[in-house]
Each structure stands twice: as structure tokens, then as C-alpha cells.
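Please open the model in a viewer and keep a selection tool at hand. The tour proceeds from the whole chain to individual residues.

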Amino acid sequence: MTSPRRDLSIAAALLLWAAAVGAQQPDASAAATVHVGPLSLRPVLQISNVGVDTNIFNEVEGQDPKSDWTFSVGPASDFWLRTGKGRLSGRAAATYDWFATYGGQRSLGTRNDARFQLEFTRVRPYVGGSYLSMRDRPGHEIDVRVRHSEDGVNGGVELTVSKRTTFGVGWERRRTRFDADARIGASWLSGLLNRRETTVKAGARYKLTPLTTFTLEGEVGRERFEFSPDRDANSVRVVPGLEFDTFALIDGSAKVGYRRLKMLTPGMPDFTGAVASVDLGYTLLGVTRFSVGVTRDVEYSYWIDEPYYVLTGATLTVAQSVGGPWALVARAGLQHLAYQHVADPAASTANTVAGIGDRVDRVRLLGGGLSYRVGPDVRVGLDANYYARSSDYDYRDYRGLRAGTSVTYGF
């Protein structure tokens with residue numbers, strides 16, 4: 001059995017081999033619309049989901065799915081602050097979700113992150129932090145809106161080797177917690193999913209062309225569960241990729257690599273295989289925009305006998321300009337949740353899927369809408385999306401339609 005220290009050595013060796021590589025990122029503060037001395041802001045107000053949700057609890061048809069009128073509203077702002085060699089940047093956002101009939105579903109959430117970096121000629125050390133508190137459905141398998149929070153701290157250093165090359169190392173610790181009363185059936189989410197994740201990272205970037213950058217990322221991590229130590233695991237990941245500038249023929253990024261998840265408890269399923277994160281776009285003749293997203297990774301589950309699932313998903317979005325600021329949008333997506341079952345039958349409990357070893361859930365999305373751009377920072381949209389999930393477990397199937405309008409206003 002390899003140790004986390006040996007995994008880190010292997011990942012670092014691979015990254016150092018490619019470390020003659022990378023490029024500095026463009027100054028994101030150029031997008032700021034408000035300037036107060038050294039402080040720059042890009043505030044927005046977003047009103048979304050103003051419409052109807054025909055199945056707000058993701059109930060199966062036999063349970064008489066409930067419908068309700070909803071809307072979400074909240075401010076957000078990116079910010080940048082320069083102080084000599086230092087630079088503080090981040091984003092602060094809040095959202096209020098409202099339901100007309102089922103007032104118990106109303107909630108206020110916040111999502112924030114910040115990073116302070118010292119910018120010297122070749123060396124840029126940084127520290128950062130993040131905090132999230134939401135009452136929603138985290139992931140594709142949890143059907144009730146539950147309060148959960150995530151907080152994290154990180155730090156590291158970036159080194160410029162040349163005009164085309166950068167290298168970096170870093171460390172991050174993240175904590176995930178669910179409210180004590182959050183549960184699904186007999187499963188208390190805090191007891192199964194509260195955890196700490198510690199990760200050591202290294203990365204390299206090499207500018208192949210003015211519009212294309214090669215990246216290599218590696219990390220060694222530890223997941224430690226607060227109340228379910230049988231789920232503890234160690235992980236190693238190495239992911240090469242390509243990033244394309246917004247002016248390239250194809251823009252976005254594509255990263256495909258390898259991950260090994262080693263569970264520490266005998267009988268728990270290990271994972272070794274491909275992981276991916278792809279977000280690419282292509283504009284045809286200046287009027288038709290194609291966007292493709294692909295993801296593959298491990299996500300932890302609240303099912304006791306199925307501690308995690310391998311999520312493989314793909315989405316396709318097509319936006320067609322129909323004159324001036326008007327555009328039609330169509331989208332389709334499929335998420336494949338392959339659950340991994342414990343090997344020890346003695347671990348079986350009440351929420352085990354009877355008669356099923358490794359089950360699969362599938363979540364489908366079909367939708368579209370019409371958008372209108374009032375100005376550079378003001379957009380209005382009308383959307384309708386159909387969601388459906390099918391499962392090897394009969395009582396997991398659901399379907400519903402969510403339709404409404406959205407307005408994004410930038411100050």
C-alpha cells in the first residue's frame with residue numbers, strides 16, 4: 001500500500017518535470033464598473049426563477065407532486081483592492097429564495113471567497129478563504145432543501161519561470177457541515193457527510209501559443225469524516241489540460257486526467273479511473289454559440305451502503321442570435337450517477353437498496369428560452385426546463401417542469 005507522502009512525491013515529480021511551463025493571467029479587475037480609490041467593484045443584482053416549479057420536492061408521481069410559485073433575488077459583487085505589492089480580490093454574494101405556498105422552503109444563503117496575494121517580480125505568495133451557507137439541494141441525489149455550510153482556508157506560492165512559464169504549489173483545508181436536523185428518511189446527513197478535506201497541490205502552466213496554454217495539475221488529499229470514520233479515504237489526482245483564450249476559435253478549457261481514491265476501511269469500494277472537467281465554446285459565423293460541458297469525478301453519497309457515486313455528466317447549450325439583442329437558447333444534459341456498494345454484507349442497513357449491487361441513477365435535462373440584452377450589464381431571460389430522474393431504485397424516479405423569468409442588472 002502506498003502512503004500519502006509517497007503519492008505526493010510522485011505527483012510533485014511529475015509536475016516538476018513539466019514545470020518549465022505557464023503564463024500569468026489577464027487582469028480581471030478590468031471588468032470593474034465602480035472605482036473608489038484603490039478599491040474596484042463589479043456589483044450586480046440578479047432576480048431569477050420568477051415563475052412556477054411543478055415539483056418542488058422532487059416527489060414521484062404517485063406521491064402527488066406539489067407545485068408552487070417561486071423567485072430568487074440577491075446582490076453580488078466582485079471586488080479588487082490594491083495595497084502596494086498586495087492585492088485583495090474575491091466575490092461576495094447573497095440570495096433569498098421565496099416560495100408562495102410552502103413558506104418553510106424560504107431561505108437566505110450566502111457565498112463568499114477572498115484571496116490576498118503579494119505580487120513581486122517572479123514570486124507571488126497568497127492566502128485565501130471561502131465561506132458558503134445555503135439551504136438547497138447539494139448535488140444530484142439529495143431531493144430535500146437542507147441547510148449546509150462549507151468553509152475553507154488555503155495558501156501557496158506561484159513562481160514565474162519565464163514569459164511562457166509558471167509553477168505553483170499550495171495547500172487547502174475545507175470543512176463541510178450539515179445542520180443537525182437535516183435528514184432524508186432515517187439518514188441524518190450530518191452523521192454521514194460532515195467531513196474535513198486537506199489537500200496539497202502543485203501545478204504548472206506553459207503557454208503553447210498566444211491563445212493556448214497547457215496545464216498540469218496534481219494533488220494529494222485526505223478526507224476525514226466527523227461521525228463516519230469508516231468513510232475516511234486518501235486520494236491522489238494528476239490532471240493535464242488545455243486552456244483556450246476567449247479570442248481563440250474554440251474557447252474555454254478541457255482537463256482530463258487520473259484519480260485514485262483509497263478507502264481506509266476494509267470492504268469499502270476504492271476508485272481508480274479517469275476524471276474530467278471540460279467547458280468549451282465555439283461561435284459559428286458570429287451568430288450561433290455552441291457550449292459543451294463534461295464532468296467526471298467522485299461525489300460522496302448519503303446512502304450508508306453506497307458511500308459514493310461516480311458522477312459522469314454532459315451538457316450541450318446552443319444560443320442562436322435572432323436579431324439585435326434577442327437570442328434563442330436550447331439546452332440538454334444527462335448526468336449518470338454510478339453508485340459503488342460496500343463489499344461486506346454485514347454492513348447492510350435499513351436504507352440499502354434491496355437486491356441491488358451497484359445501482360445507477362440518471363438525471364435528464366431538456367430546456368430552452370429567450371433572452372434579451374438591454375445593455376452591456378443588463379439581461380432579461382425567459383426559460384423553461386424539464387427535469388427527470390430514473391433509477392434502479394423505483395422510489396427514486398421523479399419529473400418536473402421549472403419555468404420562469406430572470407433579470408440580471410449590473411451597476
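Begin with the whole protein chain, a predicted model, coloured by secondary structure: 2 helices and 21 strands are assigned. The chain is as compact as a globular protein of its length, because its radius of gyration of 23 Å is close to the 22 Å that the globule rule gives for 411 residues. Aligned along the principal axes, the C-alpha atoms occupy a box of roughly 60 × 60 × 40 Å.

Next, display the surface. The accessible area of the protein chain is about 21100 Å², and carbon and sulfur atoms account for 61% of that area. Buried residues constitute 41% of the 411 residues. If contacts are drawn between residues at least 6 apart in sequence, 57% of them link residues at least 24 apart.

Now select residues 271-284, strand E15, together with residues 288-300, strand E16. These two strands pair in the antiparallel sense over 9 bridges, and Tyr282 stands opposite Phe290 in E16. Between E15 and E16 lie 3 residues, which complete a hairpin. Centre the view on Leu285 in this turn, where phi is positive, at about 55 degrees.

Extend the selection to strand E17, residues 308-321. E16 and E17 are antiparallel partners over 13 bridges; Arg289 faces Ala319 of E17 in this pairing, standing opposite it.

From here, turn to the largest nonpolar core, which has 31 residues. Leu189, Leu193, Leu261, Tyr302 and Tyr308 are the members that touch the most other members. Elements giving two or more residues to this core include helix H2 (189-193), strand E13 (233-244) and strand E19 (360-375). The largest share, 4 residues, is supplied by E17.

Which residues does Tyr308 touch, beyond those up to four places away in sequence? Among them are Leu261, Met263, Pro269, Phe271, Val298, Tyr300, Ala338 and Tyr339. Asp270, Glu299, Ser301 and Gln340 are also in that list.

Finally, select Glu59, in the loop between strand E2 (39-53) and strand E3 (68-83). Is Glu59 buried or exposed? With a relative accessible area of 15%, Glu59 falls under the 20% cut-off and therefore counts as buried. Beyond its neighbours within four places in sequence, Glu59 contacts Asp64, Pro65 and Lys66, and also Asp397 and Tyr398. To close, set a distance between the C-alpha atoms of Glu59 and Leu45: these residues are 14 apart along the chain, and the separation is 32 Å.

How values were computed:
Residues numbered from 1 in each chain as written. Predicted model: local features only at pLDDT ≥ 70, side-chain atom pairs only at ≥ 80, totals over all residues. Heavy atoms only, no water. Pairing = 2+ DSSP bridges. Buried < 20%, exposed > 50% of the residue type's maximum accessible area, 1.4 Å probe, protein only. Contact = heavy atoms within 4.5 Å. Core = buried A, V, L, I, M, F, W, Y, C linked by side-chain atoms within 4.5 Å. Rg over C-alpha atoms; globule rule 2.2 N^0.38 Å. Areas by Shrake-Rupley, 256 points an atom, 1.4 Å probe, with all protein chains shown as cover.
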